Amino acid sequence: MSPRAAWRLEAAGFGPVHDYVAGKADWLAADLPFDGTAQLAGMFTRRGVATATEGAPVAEVLRLLEDQGFGPVLVLNQAGVVMGAAYRDKLAAAAGDAAVGTVMRFGVSTVRPSEDAAALAHRMNHAEVTRTVVTRSDGTLVGLFFAADLPS
Amino acid sequence: MSVVNGYLLISRRVWQVAEPGLGIVMPTGIGRDELRTLTGRGAQLVEVLPAGDYDWAHLPGAVSLPLKELDAKAGQLDRSRLVIVYCHDWY
């Protein structure tokens, strides 16, 4: 649609016209600000959640999780990309000096902050999932979305 | 930034800007970073989706100019400022 508009405006003398080809979907999936009535997952996502690097000792990550009061602790690489999630049961069963990367769950499911919040919560409730990891389109962490955080 | 064999090279992306030999200048495709740079310099941002989509969510500062109303309402745009259009996604 936007290429047609760009061509049309150029023909009407509005040159040069630029086309943001990836569009609104790209903008919202990157967790960037928007105006409008949409209620998106990013608006209800808990930010600043506990994170660790893959080399962090299990004992330290377990302390992070206990201080936060909920899990998991998200394991990030040097670029801030979510590589996995560390859950209490695995952490408690591992040696305290082991690297969390060896006990984390790799390949956790993620959603974009641009998802409709109510639809996401509905899907999570149906699947009996209480929380999900929210990442931008480049895989970097936004936070954790809890279905229960949505106002009823 | 340079034009090579009809292609404009912009920050690791290659956008076709002209049919070689035809002298046609095509609208320039840009990414998120270029959009922020250009709007920072005063470019006007135009959402061409239907008004309902605009009301649901739009980029800050964007104006609504649905494709079907483009010809009738293009006059609302400032001809002295660069125009950036967008819709929902690539398609």
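Here a visitor and a guide talk through a predicted two-chain model, chain A and chain B.

Visitor: Before we start, what are the ground rules for numbering and confidence?
Guide: Residues count from 1 along each chain as its sequence is written, chains are lettered from A and ligands numbered from 1 in the order written, and side-chain values use heavy atoms, with hydrogens and water left out. As this is a predicted model, local features need pLDDT of at least 70 and side-chain atom pairs count only at pLDDT 80 or more, while totals for chains, interfaces and linings use all residues.

Visitor: How much area is buried between chain A and chain B?
Guide: Start with contacts, meaning heavy atoms within 4.5 Å: 35 residues of chain A are in contact with 41 of chain B. Carbon and sulfur atoms give 68% of the buried area, which is the accessible area (1.4 Å probe) lost when the two parts are put together, summed over both. The total is about 3600 Å².

Visitor: Which element supplies the largest share of chain A's side of that interface?
Guide: Across the interface there are 19 residue pairs in polar contact (N or O atoms within 3.5 Å, one able to donate a hydrogen and the other to accept it; residues adjacent in sequence count only if both atoms are side-chain atoms). Helix H1 (2-11), strand E1 (17-20) and H2 of chain A each bring at least two residues to the side touching chain B; helices (H or I, at least four residues) and strands (E, at least two) are DSSP runs numbered from the N terminus. The largest share, 8 residues, comes from H1(A).

Visitor: A:Lys24 sits in helix H2 of chain A; is it buried or exposed?
Guide: A:Lys24 touches a string of chain B residues, including B:Asp53, B:Trp56 and B:His88. It also forms a salt bridge with B:Glu47, closest N and O atoms 2.8 Å apart (the rule wants a Lys or Arg side-chain nitrogen within 4 Å of an Asp or Glu carboxyl oxygen). Buried means under 20% relative accessible area, exposed over 50%, partly exposed in between (1.4 Å probe, protein chains only). With a relative accessible area of 1%, A:Lys24 is therefore buried.

Visitor: Which elements each supply at least two residues of the largest nonpolar core?
Guide: Such a core is a set of buried Ala, Val, Leu, Ile, Met, Phe, Trp, Tyr and Cys residues joined through side-chain atoms within 4.5 Å. This one has 20 residues, and among those touching the most other members are A:Trp27 and B:Leu59. B:Leu59 is itself in contact with A:Tyr20, A:Trp27 and B:Leu35, among others. The elements are helix H2 (23-29) of chain A, plus helix H1 (32-40) and strand E9 (83-86) of chain B.

Visitor: Which residue does A:Arg136 pair with in a salt bridge, at 3.8 Å?
Guide: A:Arg136 is in the loop between strand E7 (131-135) and strand E8 (141-146) of chain A, and its partner, 105 residues apart, is in the loop between H2 and H3. At 24% relative accessibility, A:Arg136 counts as partly exposed. The partner is A:Asp31.

Visitor: And which residue meets A:Asp149 in a salt bridge?
Guide: A:Asp149 lies in the segment after E8 of chain A, with the other half of the pair 103 residues apart, in the loop between H3 and strand E2 (51-53). A:Asp149 is partly exposed at 29%. The closest N and O atoms are 2.8 Å apart, and the residue is A:Arg46.

Technical notes
Lists of a residue's contacts leave out its neighbours within four places in sequence.
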